[in-house]
Amino acid sequence: MIEVREEALRVTSDAASLQASASAGRNLTYGLLDSLGRAIVTGRYNDSQFPTEAELAKQHGVSRSVTREAVKMLTAKGLLTARPRKGTTVQPSSSWNLFDADVLRWLLERKFSLELLRQFTELRIAMEPAAAALAARAADESGLASIRAGYERMEAAEAGDDDPLESDIAFHIAILHACANPFYQQFRDVVETALRTSIRFTNRFKGRTASLPQHLEVLNAIEKRDSEGAKAGMTALIADVMTLIADAEGKA
């Protein structure tokens, strides 16, 4: 019995060690992915050859397998391409997957750009009003509750009891989920990532904060199953952001 117990403990310990090793490998891979992705987006390799896997492994102190996996992930995101006898090269920005949350985050972190913010807001104004209209027609009770919870978090943030950025994002993401359209729901990560820059910009512009009445108008329309009202409310809300961006571009 003692031997069986010891063997069980050994197997459990081995499994835990393997799991810890796998987790450490993933952390190294994602750390290298983030470092290389940011370097590519900021133009570090514009005038130089992208390093080989052996060079990257040596530079970053990681294994070749970690390097290989990170390079594969960057290739899948459109930042790199590998060709026989030509090695790995950086792709032009036109090939980058802008709907990848990591790529968008690196772009936004590279340098604050009103042009990029405007382009993203143009996407929002084409997408989010339609998602709000769909949510008004298709949201179930759970979806409606999530949207209201997002709004209530915004109210709490107004009183200093929640984070203004996170609560605003929660409201918009809840609408994407509630619209019950998987294609809109797939935008969750990219919208959340880019909203962090967009909302920071609008919230700091002359001390402006998110308009609770505008968000409440959207919420009420969705709860009343008023798809046109929800669409119009969301359009007006994002149009205000476009106005702020246009004003800032005019002063730049």
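How many helices and strands does the protein chain have? The answer is 11 helices and two strands. Keep in mind while you look around that this is a predicted model.

**The overall layout**

If you walk along the sequence, the elements come in the order α-α-α-β-β-α-α-α-α-α-α-α-α. So much for the order; what about the chain as a whole? There are 252 residues in the protein chain, and 40% of them count as buried. The surface that the chain exposes comes to about 13,900 Å², with carbon and sulfur atoms supplying 52% of that area. Now take the contacts between residues at least 6 apart in sequence: 70% of these join residues at least 24 apart.

**The two strands**

Next, the β part. Strand β1 covers residues 80-83 and strand β2 covers residues 87-90, and the two pair in the antiparallel sense over four bridges. You can find T81 standing opposite T89 in β2. The hairpin of β1 and β2 has three residues between the strands, and R85 takes a positive phi near 65° there.

One residue of β2 to pick out is T88. Is T88 buried or exposed? T88 counts as buried because its relative accessibility is 18%, and the cut-off for buried is under 20%. Which residues does T88 touch, leaving aside its neighbours within four places in sequence? T88 is in contact with L80, T81 and A82, and also with Q49, F50 and V71. Of these partners, L80, T81 and A82 fall within the residue range of β1.

**The largest pocket**

Now for some empty space. The largest pocket holds about 360 Å³, and 15 residues line it. If you want to find its centre, look for L98, L104, L107, L116 and Q119, which lie nearest to that point. Two elements give two or more residues to the lining, namely α4 (101-110) and α5 (114-138). Which of the elements gives the most? That is α5, with five residues.

Here is how the lining of the largest pocket splits by class:

| Class of lining residue | Number in the largest pocket |
|---|---|
| Nonpolar | nine residues |
| Polar | four residues |
| Charged | two residues |

**A quick recap**

To put the picture together: you have a predicted model with 11 helices and two strands. The strands β1 and β2 form an antiparallel pair, with T88 buried in β2. Over in the helical part, α4 and α5 both help to line the largest pocket.

Methods. Residues are numbered from 1 along each chain as its sequence is written. This is a predicted model: local features need pLDDT of at least 70, side-chain atom pairs count only at pLDDT 80 or more; totals for chains, interfaces and linings use all residues. Side-chain values use heavy atoms; hydrogens and water are left out. On a 1 Å grid over the protein atoms alone, a cavity is a set of points where a 1.4 Å probe fits but cannot get out, and a pocket is an open set with protein on both sides within 12 Å along at least five of seven lines; lining residues have an atom within 4 Å of a point. Grid points are joined across faces, edges and corners, and a volume is the space filled by probe spheres set on the points. Ala, Val, Leu, Ile, Met, Phe, Trp, Tyr, Cys and Pro count as nonpolar, Asp, Glu, Lys and Arg as charged, and the others, Gly among them, as polar. Two strands pair if DSSP finds at least two bridges between them. Buried means under 20% relative accessible area, exposed over 50%, partly exposed in between (1.4 Å probe, protein chains only). Contact means heavy atoms within 4.5 Å. Accessible areas come from the Shrake-Rupley method with a 1.4 Å probe; for residues, only the protein chains shown count as cover.
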